Amino acid sequence: MAFNKDKFKYVDHTPKSTDVREIIAIGEYLGSVVKGSAKCDPADAFDANTGETLAALRCNLKIAEKRFSHASDAFATSQVALAEASSKVESDQKYFEHASAELKEAQRLLDEFYQTLY
């Protein structure tokens with residue numbers, strides 16, 4: 001997946017009690033707000049584009065971590081469901097084979113009985 005900086009919203013935040021400038025990137029994952037931030041040290045020159053890129057990349061990482069966790073949980077759930085379904089298929093196959101053998105035996109016994117009538 002290509003990173004797209006434009007999918008984030010940005011807030012330029014500078015608290016009144018400090019000279020530290022902060023850019024916050026705001027994204028979304030599964031209906032939840034996800035934020036990433038970048039702070040500029042007062043000794044450095046502030047560059048909004050650099051701050052936005054760094055904040056967006058951090059936000060993107062948080063979203064990717066959430067997506068990975070969600071995918072891991074979904075995959076684990078699917079693996080459990082597959083194991084349960086496989087066990088059910090195996091059980092149903094044995095039941096089918098047993099019922100099939102009983103049907104053949106019942107038909108054989110009926111056919112043998114018919115043979116004694118003639």
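**A guided tour, starting at K5**

Select K5 to begin: this residue is buried, with a relative accessible area of 18%, where buried means under 20% relative accessible area, exposed means over 50%, and partly exposed lies in between, using a 1.4 Å probe and protein chains only. The model in your viewer is predicted, so local features need pLDDT of at least 70 and side-chain atom pairs count only at pLDDT 80 or more, while totals for chains, interfaces and linings use all residues. Residues are numbered from 1 along each chain as its sequence is written, and side-chain values use heavy atoms, with hydrogens and water left out.

K5 lies in the segment before β1, and if you now add N49 to the selection, you will find that the side chains of K5 and N49 make a polar contact at 2.5 Å. A polar contact is a pair of N or O atoms within 3.5 Å; within protein, one must be able to donate a hydrogen and the other to accept it, and residues adjacent in sequence count only if both atoms are side-chain atoms.

Next, select the strands, which are DSSP runs of E with at least two residues, just as helices are runs of H or I with at least four, numbered from the N terminus. Three of them form an open, antiparallel sheet in the order β1-β2-β3, and its edge strands, β1 (9-13) and β3 (32-40), each pair on one side only. Two strands count as paired if DSSP finds at least two bridges between them.

Colour β1 and β2 (residues 21-29), which pair in the antiparallel sense over five bridges, and look for H13, which stands opposite E22 in β2. Then move on to β2 and β3, which run antiparallel and are joined by nine bridges; here I24 has S37 in β3 as its bridge partner.

Which residue in the hairpin of β2 and β3 takes a positive phi? Select L30, whose phi is near 50° in this hairpin, with two residues between the strands. Most residues other than glycine have a negative phi. L30 lies in the loop between β2 and β3 and is exposed, with a relative accessible area of 59%.

Finally, go to helix α1 (residues 48-117) and select L117, which lies in it and is exposed, with a relative accessible area of 53%. Add L110, F113, Y114 and Y118, which together with L117 form a nonpolar patch on the surface, with about 610 Å² of accessible area together.

Technical notes. Patch = residues over 30% accessible without salt bridge, like charges linked within 9 Å, V, L, I, M, F, W, Y side chains within 5 Å. Areas by Shrake-Rupley, 256 points an atom, 1.4 Å probe, with all protein chains shown as cover. Salt bridge = Lys/Arg side-chain N within 4 Å of Asp/Glu carboxyl O.
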